[in-house]
Amino acid sequence: MIVTRTPFRITLGGGGTDLPAFYEQHGGYVVALGIDKYMYVAFNVPYADRKVRLHYTKSETVDHVDQLEHELAREALRRHGLFDGVEISSLADLPAGTGLGSSSAYLVGLLGAIRAYRAKPAAFDEVAAEACEIELRTLSKPIGKQDQYMAAAGGLTELTIARGGAVTVTRIGLPGYAVAELVAKTHLYYTNVQRATTEILGEQTTALRGGTGDVESSLIEILDIGRRIGTALRAQDFDAFGSLMHAHWTAKKRLSGKVTVPAVEALYDHVRAEYGVLGGKVAGAGGGGFVMLYCPGDGARLTEFMASQGMARLAYHAEFEGSKVIANVMSSRSVDYHSTPPAPPGLPQPQRDVFA
């Protein structure tokens, strides 16, 4: 049994500029924070049969990996030559569709488990690039690159994306007390709404490819704001970050009519006027999930009000480690039978060696 733990993330600035349709023209920049909420992936090689068993929000049991409905698991296993005889389970601290990068956290964690099983460790950026290859190229998902790299790297991190797609990862080094202040003032509240990120990002990609000026100009503005947010964070000017986050949200709403939820938008305007919130946004691509609010003043008063609206505050801390193997108890008495290619159809399959 191999178990990996992969952090979720919150995007602090530049979200959306990591889409290929944008960074191929302008370059991209994202600054984000890994948090201590995780995706756990358990990988096992059962000895009873050669089935593929996958457990997530549903369960699948198939004879061959190609029969899996779960796209990420199917392509990760195929990429590493694992076609049968595996069992994979996943658990998460937070539900999917909440804007904190759960899908990519799953994929990065699974790739880490597979690499541990294959005894083929890799640097975090290599695993992130592999996850991007699967999601963006193999599966043609209309998403960006921040989730994969943040899942692999964690921390308070800048991602600078070149027009050719290369990603430079830079850690923003702040003292512990400054990180604690940033976290204390940056609240996350669950809206109780889940949504499909790919639908919103797909609309933005289509608009960019089609030359829609409003989306492109908004993302150019978000790119500039994101870089200014990075500068504010380095200077520990967190109130400037909060104000810039409001400008970021104003620009982000112009990307798609599905980014905002009317009830959340009305609530946001209210807390800015009455509770000292300087800025905020819906996490991820928008449309639901968590709303992030920067409140430099009476945070307890804001938390009490949001609770009265049915939105509980998520307690979190910064996570400076990326995806990692936290348990590896694969039996040393067994041979990796996956290294033997399967026999052609109709012939006896090779038997794995199991030593007593």
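Lys 58 is partly exposed in this predicted model, where the relative accessible area of its side chain's residue comes to 36%. Its salt-bridge partner is Glu 69, and the closest N and O atoms of the two lie 2.7 Å apart. The pair links distant parts of the chain: Lys 58 belongs to the loop between β3 and β4 (59–62), whereas Glu 69 belongs to the loop between β4 and α2, 11 residues apart. Glu 69 counts as exposed, at 55% relative accessibility.

## Salt bridges

Side chains of opposite charge can pair when their charged atoms come close. The count of salt bridges in this model comes to 22. Three of these pairs are described here, with their N to O distances in the table.

| Pair | N to O distance |
|---|---|
| Lys 58 and Glu 69 | 2.7 Å |
| Arg 79 and Glu 130 | 3.0 Å |
| Asp 84 and Arg 50 | 3.2 Å |

The salt bridge between Arg 79 and Glu 130 joins two helices. Arg 79 lies in helix α2 and Glu 130 in helix α4 (residues 124–138), and 51 residues separate them. Arg 79 is partly exposed at 43% relative accessibility, whereas Glu 130 is buried with a relative accessible area of 7%. Buried means under 20% relative accessible area, so Glu 130, at 7%, falls within that class.

The salt bridge between Asp 84 and Arg 50 connects two loops. Asp 84 is found in the loop between α2 (71–79) and β5 (86–92), and Arg 50 in the loop between β2 (28–44) and β3 (52–55); the two residues are 34 residues apart. Asp 84 counts as buried, because its relative accessibility of 15% is under the 20% limit. Arg 50 has a relative accessible area of 22% and is partly exposed.

Salt bridges also form a network that links Arg 5, Glu 319, Glu 321 and Lys 324.

## Strand β10 and its partners

Strand β10 covers residues 290–294, and 5 of its 5 residues are buried. In a regular strand the side chains alternate between the two faces of the sheet. In β10, Phe 290, Met 292 and Tyr 294 lie on one side and Val 291 and Leu 293 on the other, and both faces are covered.

Two strands that pair with β10 may be named. Strand β8 (residues 186–190) pairs with β10 in the antiparallel sense over 5 bridges. Within this pairing, Tyr 190 has Phe 290 of β10 as its bridge partner. Strand β9 (residues 279–282) also runs antiparallel to β10, and 4 bridges join the two. Here Lys 281 has Met 292 of β10 as its bridge partner.

## Thr 191

Thr 191 is placed in the loop between β8 and α7 (197–209). With a relative accessible area of 8%, Thr 191 is buried. A polar atom of the Thr 191 side chain lies 2.6 Å from the backbone oxygen of Gly 289. Thr 191 and Val 282 are 91 residues apart in sequence, while their C-alpha atoms are 9.1 Å apart in space.

Methods:
Residues numbered from 1 in each chain as written. Predicted model: local features only at pLDDT ≥ 70, side-chain atom pairs only at ≥ 80, totals over all residues. Heavy atoms only, no water. Salt bridge = Lys/Arg side-chain N within 4 Å of Asp/Glu carboxyl O. Buried < 20%, exposed > 50% of the residue type's maximum accessible area, 1.4 Å probe, protein only. Pairing = 2+ DSSP bridges. Polar contact = N/O pair within 3.5 Å; in protein donor to acceptor, adjacent residues only side chain to side chain.
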